[in-house]
Amino acid sequence: MRKKIVVGNWKMNLLRDEGVLLVKNILKSKFNDKINVVLAPSFLHLYKVSKMTSSFKNITTSAQDCSSSTSNSLTGGVSVEMISSCGVKFVIIGHSERRSNFNETNIQLQAKVNMAISNKLNVIFCCGENIEKRKNKSYFDFLKNQITEGIFHLNAKQFSNVVIAYEPIWAIGSGNTASSFQAQEVHEFIRDLIKIRYNETVASNTSILYGGSCNNINAKELFSQKDIDGGLIGGASLSADNFVSIINSF
Ligand code: PEP
């Protein structure tokens, strides 16, 4: 059975002490321990947060990016081996902010996915259309292409380590979340693509998360949709109360 997952993507937020305090507050809150919680702080916080959460069986950590390279001569790069060595289990690949600010292409993302999977990291693969593609109704083709080029080269065993996050760009950080109908429509479409590429079992075992202004008010309705298995949470993951309330929305 597929997992319910809530990921907190801290992006480039929180100083060191603020990050530690946020984790302490999350850990002392009461939350549904059937949900898998993944914290994705910056690289600078990652080791500390992994240590703090290591004794909690349903809480783990994620990097926000990784290098696709194995070369040591890459100033500023962070390899998948380094990430794994900190006890981290996931890496987010293909977030729209990296696609747009760092010009990451589907083919480059495919290389990152390969690097992560071959080093036993689970991948949270992001896809999502911009507002123009939503308005001119080309978003299904666009998402199909992002997913096909980014992750459908994997075999079924490799693919079992992938979580997909549907994050419409127009909803990220805008307060303008997708309606539960809009999100469910795309999640069902993605699950059908997985069924066609792999099979029914793989499709029903894949967790597909929604991201884009998901908060403690709208999470319940979004998470009640049959193909929405949780959320990738940006802004609202920076408050322990809001984040825990989202986790408890299932
Ligand atoms: C994100 O950036 O992954 C995200 C979903 O952000 P927000 O929740 O702030 O829209």
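Contact here means heavy atoms within 4.5 Å. Keep that handy for the exercises below, and remember that you're looking at a predicted model.

**Exercise 1. Work out where Thr60 sits, whether it is buried or exposed, and which residues it touches.**

Step 1: Find the element. Thr60 is in strand 3.

Step 2: Check the accessible area. The relative value for Thr60 is 19%. Buried means under 20%, so Thr60 counts as buried.

Step 3: List the contacts, skipping neighbours within four places in sequence. That leaves Thr60 touching Val37, Val38, Leu39, Lys89 and Phe90.

Step 4: Look at strand 2, which covers residues 36-40. In strand 2, 4 of the 5 residues are buried, so the rest of the structure largely encloses it.

**Exercise 2. Trace how the strands are arranged, and find out how strand 1 is paired.**

Step 1: Follow the order. The 8 strands go 1-2-3-4-5-6-7-8 and close into a barrel, with parallel pairing. From one strand to the next, the twist averages 25 degrees.

Step 2: Take one side of strand 1. Strands 1 and 2 run parallel and are joined by 5 bridges. Here you can spot Asn9 standing opposite Ala40 of strand 2.

Step 3: Now look for the closing pair. Strand 1 (residues 5-9) also pairs with strand 8 (residues 230-233), in the parallel sense, over 4 bridges. On this side, Ile5 is opposite Gly230 of strand 8.

Step 4: Add a helix. Helix 9 (residues 180-197) lies across strand 5, strand 6 and strand 7, and it runs at about 150 degrees to strand 7.

**Exercise 3. Decide for Arg134 and Lys137 whether each is buried or exposed.**

Step 1: Place them both. Arg134 belongs to helix 6 (residues 131-135), while Lys137 is in the loop between helix 6 and helix 7.

Step 2: Start with Arg134. Its relative accessible area is 11%, and the limit for buried is under 20%, so Arg134 is buried.

Step 3: See what surrounds Arg134. Again leaving out neighbours within four places in sequence, its contacts are Glu129, Tyr139, Tyr166, Trp170, Gln182, Glu185 and Val186.

Step 4: Turn to Lys137. Its value is 67%, and exposed means over 50%, so Lys137 is exposed.

Step 5: Try a distance too. Lys137 and Ala40 are 97 residues apart along the chain, and 32 Å separates their C-alpha atoms.

**Exercise 4. Describe the largest pocket and the second largest pocket: volume, lining and residue classes.**

Step 1: Take the largest pocket. Its volume is about 620 Å³. It has 25 lining residues, and Phe43, Gln64, Asp65, Arg98 and Phe102 lie nearest the centre.

Step 2: Ask which elements contribute. Helix 2 (43-53) and helix 4 (96-101) each give two or more residues to this lining. Helix 4 gives the most, with 3 residues.

Step 3: Sort the lining of the largest pocket by class. You get 9 nonpolar, 10 polar and 6 charged residues.

Step 4: Move to the second largest pocket. It holds about 420 Å³ of space. Its lining has 24 residues, with Lys3, Ile5, Asn122, Ser160 and Val163 nearest the centre.

Step 5: Find its elements. Strand 2, strand 3, helix 8, strand 6 and helix 10 each give two or more residues to the lining of the second largest pocket.

Step 6: Sort this lining too. The second largest pocket has 11 nonpolar, 10 polar and 3 charged residues.

Terms used. Residues are numbered from 1 along each chain as its sequence is written. This is a predicted model: local features need pLDDT of at least 70, side-chain atom pairs count only at pLDDT 80 or more; totals for chains, interfaces and linings use all residues. Side-chain values use heavy atoms; hydrogens and water are left out. On a 1 Å grid over the protein atoms alone, a cavity is a set of points where a 1.4 Å probe fits but cannot get out, and a pocket is an open set with protein on both sides within 12 Å along at least five of seven lines; lining residues have an atom within 4 Å of a point. Grid points are joined across faces, edges and corners, and a volume is the space filled by probe spheres set on the points. Ala, Val, Leu, Ile, Met, Phe, Trp, Tyr, Cys and Pro count as nonpolar, Asp, Glu, Lys and Arg as charged, and the others, Gly among them, as polar. Two strands pair if DSSP finds at least two bridges between them. Axes are lines fitted to C-alpha atoms, for helices over the stretch in contact, and angles run from 0 to 180 degrees between N-to-C directions. Buried means under 20% relative accessible area, exposed over 50%, partly exposed in between (1.4 Å probe, protein chains only).
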